[in-house]
Amino acid sequence: MFVGSWTFIRNRALFSLSVSYRNLLRVVLLVSGGRYLLYFRLSPSTMNKRAANGGGGGGGEGCGLLERLPNSIINEILGKLELETLCSAACVSRTLRSSASQVLSSLTTLDLSSFSPDVQTLEHILHRCSALKRVTVDCLRLGDSSVRSFLGEQIEELNLLKGSSLSYQVLFSIGRKCPNLRVLVVELAGWDVPKIFTRCFMHMLNRCSYLESLCIKIRGSELDASGFRSSVLSVPNTVKVLKLQPLLIEDAIGFINDLPYGRNALNDSFDLSIPFYPLSPRFTLQKLSLVVDVISDELTISISNFVPLLVELDLEDRPCSEPQLPKDLTNSGLQRLGSCQHLIALSLIRSKLNCQVYFKAVNDMGMFLLSESCKGLQAVRLGGFSKVSDAGFAAILHSCRNLKKFEVRNASLISDLAFLNGALPSLVDMKLWSCSLITSESVNELASSSDLEVLDLSGCRSIADSCLSRVTSLHRLTTLNIGGSDITDGGLAIIGRGNSPITHLCLSCCKRVTDKGIALLFSGGGKIREKLLALDVGYIPGISDKAIFTIAEFAPSVTELCIRYCYSVTDASLEILAAERRFEDGNKLVLRRLDLCSCIGLSVKSYELLKKPFFSGLKWLGVGRTQLTSKGMAIFTEIREERPWLTLCLGGCEMGCHDGWQFHRADCYQEGLS
């Protein structure tokens with residue numbers, strides 16, 4: 001069942017609508033200054049009669065009241081709905097079906113990123129949408145021809161996500177069909193040869209001369225970095241936002257040095273170590289994001305010299321071996337970024353994707369120099385700085401008084417001292433990943449930021465129950481990640497009594513949590529019981545069917561549930577989650593995403609619970625490394641045919657396939673090999 005609700009104000013009137021095509025449809029009209037109530041109810045018997053007559057809008061009191069409403073009001077109400085709820089409303093009556101068709105035909109923005117449509121579903125939706133200007137599509141199950149079907153001169157913003165089966169030729173098609181494009185985001189898997197990419201990419205750039213934002217990400221093959229050769233890259237002067245992944249470091253430097261105003265302003269004898277500010281830049285790049293093989297001083301020097309108007313800079317590298325000087329980032333290179341005086345967001349991440357490496361040539365002095373020259377920073381992300389201690393990180397926190405977002409990853413020397421000396425800025429988003437020296441003392445200090453909305457302490461294994469009282473008193477906190485910490489069932493009891501409106505909670509790898517803790521979490525009378533949308537209890541040996549029963553009975557708002565690697569979960573858990581359980585307020589548990597990866601306690605017979613009518617709202621299901629996959633691909637093919645809106649992941653990806661989409665191919669998907 002799809003249920004949509006919203007509230008909006010128009011002409012001194014407040015309309016609220018709830019749509020449920022199984023048993024109830026109410027339209028409530030409350031006019032300010034009076035108390036006029038109009039509603040109608042469709043009972044199950046009425047719905048069955050109408051379905052027997054073709055599903056249309058036959059007679060009846062409810063239908064009559066609906067048809068007496070002006071079409072303009074119905075259309076405006078339906079126009080506020082998400083796509084799924086709009087389609088559900090269209091199932092109720094001919095009146096709503098007609099209005100839904102009108103709404104679809106007038107849509108200028110369409111977002112299909114919340115699920116992975118197949119070819120037939122995409123065609124069914126798009127043939128009704130003739131006025132689209134902004135399109136976002138999850139392309140996990142789509143090929144080039146499906147994308148070409150909705151390209152056109154009217155498209156101004158195009159976001160093609162998880163294009164595991166899209167070839168580089170799709171870039172050629174975009175250039176040929178979308179000359180008025182302003183914003184382009186394309187995620188591709190590296191299946192073709194770099195020469196094809198270069199040719200198609202160049203064609204697209206030459207044809208799309210109005211581009212203002214360009215993001216091209218290629219995943220799955222580092223060799224495709226050579227496709228972004230600086231010698232042939234000609235980004236339009238109109239581009240203000242540029243994100244490219246991946247690049248070789250020499251190509252990144254060559255590209256930056258060849259920016260339009262840089263080519264003509266410098267001669268061969270120019271010294272790159274001296275800051276240069278062009279008088280009349282024609283290329284007004286404001287946001288730059290690059291994923292390269294190695295971040296070096298030469299790269300940061302080029303950025304500071306040739307892109308001085310940057311507002312946001314995001315650099316990530318993925319070395320395959322330990323970088324050696326001078327091909328590495330040092331204090332001097334970090335200091336040069338201070339020349340970008342407009343910078344408000346800075347991200348420097350050394351990934352451990354290919355090997356265990358760190359920024360070993362940067363220490364506290366580099367952070368001191370950066371903090372003195374970039375005091376206007378509002379967002380800072382730092383990953384892999386193993387030689388920076390509390391003093392260096394504290395310098396950033398205390399110098400950047402407008403700082404709202406602060407993230408540190410894999411910093412072995414940061415401890416509680418970084419947060420105990422001096423007042424902290426009014427942080428909104430705080431992330432400390434795999435910082436082993438951080439304890440509850442740091443968390444107590446961070447909780448003094450009353451504006452905190454996101455607190456992510458993943459992998460901070462010294463975090464204990466003692467800090468959770470302060471954390472759960474934060475009235476704006478919506479996301480809490482304490483995965484891998486030392487919290488116990490008693491800590492979950494504290495969270496359960498708290499006043500924080502937590503919507504996303506991650507407890508993954510909290511080894512001391514048991515079924516009892518989950519019961520305490522939802523029986524404390526706090527806000528989390530009614531607010532929680534996403535819960536991750538994966539990799540916890542103490543989680544069994546009893547915990548899942550508690551979630552199904554007392555957590556009506558949960559739409560995303562991760563129980564991967566919970567070996568004690570059995571078919572009984574799947575049965576209770578599949579059952580349509582209603583709560584006192586009339587709501588029911590409607591899961592959108594469910595991760596069962598490596599739940600070895602599930603039997604082969606449990607596949608019957610994945611078929612209709614169970615899990616009617618499910619969009620993503622992970623069943624990799626379970627006994628279900630031993631049943632054969634035929635059952636999954638049947639499930640996919642029944643539910644074209646459902647993405648089945650058999651490969652063990654994390655929730656939503658955000659980490660492994662590049663290995664899913666549409667042709668393999670149809671064969672059940674994804």
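**Local contacts and packing in a predicted model**

In this predicted model, the side chain of Thr488 reaches the backbone nitrogen of Gly490 at 3.2 Å. Thr488 sits in the loop that runs between β17 (479-481) and α19 (489-497). Its relative accessibility is 17%, under the 20% limit, so Thr488 counts as buried. Beyond its neighbours within four places in sequence, Thr488 is in contact with Asp465, Arg512 and Val513.

The chain as a whole was examined next. It has 674 residues, and 55% of them are buried. Its secondary structure comprises 25 helices and 23 strands. Among contacts in the chain with a separation of 6 or more, 72% link residues 24 or more positions apart. The exposed area is about 28,000 Å². Carbon and sulfur atoms supply 51% of that area.

The largest nonpolar core holds 175 residues. Which of its members touch the most others? They are Leu432 and Leu507. With neighbours within four places in sequence set aside, Leu507 is in contact with nine residues named here: Ile482, Gly483, Ile487, Leu492, Ile518, Leu535, Asp536, Val537 and Ile540. There is also a second, separate core, made of nine residues. Cys562, Trp620, Met655 and Trp661 are among its members.

Two helices, α22 and α23, illustrate burial within the chain. Helix α23 spans residues 571-578. Six of its eight residues are buried, so the helix is largely enclosed by the rest of the structure. These buried residues are Asp571, Ser573, Leu574, Ile576, Leu577 and Ala578. They pack against α22 (545-554), β20 (560-562) and β21 (593-595). Helix α22 has buried residues of its own: Asp545, Ala547, Ile548, Thr550, Ile551 and Ala552. What do these residues of α22 pack against? Their partners are α20 (515-521), β19 (534-536), β20 and α23. Strand β20 thus appears among the partners of α23 and among those of α22.

A helix pair lies earlier in the numbering. Two packed helices are described by the angle between their axes and the distance between the axes. For helix α4 (residues 83-90) and helix α5 (residues 94-106), the angle is about 145 degrees. The axes are 7 Å apart. From α4, the residues that take part are Leu83, Leu86, Ala89 and Ala90. From α5, they are Leu96, Arg97, Ala100, Val103 and Leu104. By class, this contact has eight nonpolar residues, no polar residues and one charged residue.

Helix α5 also supplies a contact for a loop residue. Arg128 lies in the loop between α6 (119-126) and β5 (134-138). Not counting residues up to four places away in sequence, Arg128 touches Leu104 and Ser105. The C-alpha atoms of Arg128 and Ser105 are separated by 5.4 Å. Along the chain, these two residues are 23 residues apart. Is Arg128 buried or partly exposed? Its relative accessible area is 28%, and Arg128 is partly exposed. A polar atom of the Arg128 side chain lies 2.9 Å from the backbone oxygen of His124.

Two further sites involve side-chain polar contacts. Asp314 belongs to strand β11 (residues 312-317). The residue is partly exposed, with a relative accessible area of 28%. Its side chain makes a polar contact of 3.3 Å with the side chain of Ser347. Leaving out residues up to four places away in sequence, Asp314 touches Leu288, Ser289, Leu290, Ser347 and Arg381. The C-alpha atoms of Asp314 and Arg381 are 8.7 Å apart, and the two residues are separated by 67 residues along the chain.

Asn331 lies in helix α13 (residues 331-336). Its relative accessibility is 16%, below the limit of 20%, so Asn331 counts as buried. What does the side chain of Asn331 join in a polar contact? The partner is the side chain of Asn363, at 2.8 Å. Asn363 also appears in the wider contact list of Asn331. Apart from neighbours within four places in sequence, that list consists of Ala361, Val362, Asn363, Met365, Gly366 and Leu369.

Conventions
Residues numbered from 1 in each chain as written. Predicted model: local features only at pLDDT ≥ 70, side-chain atom pairs only at ≥ 80, totals over all residues. Heavy atoms only, no water. Buried < 20%, exposed > 50% of the residue type's maximum accessible area, 1.4 Å probe, protein only. Helix = DSSP H or I, 4+ residues; strand = E, 2+ residues; numbered from the N terminus. Contact = heavy atoms within 4.5 Å. Axes fitted to C-alpha atoms, helices over the stretch in contact; angles between N-to-C directions. Nonpolar A, V, L, I, M, F, W, Y, C, P; charged D, E, K, R; others polar. Areas by Shrake-Rupley, 256 points an atom, 1.4 Å probe, with all protein chains shown as cover. Polar contact = N/O pair within 3.5 Å; in protein donor to acceptor, adjacent residues only side chain to side chain. Core = buried A, V, L, I, M, F, W, Y, C linked by side-chain atoms within 4.5 Å.
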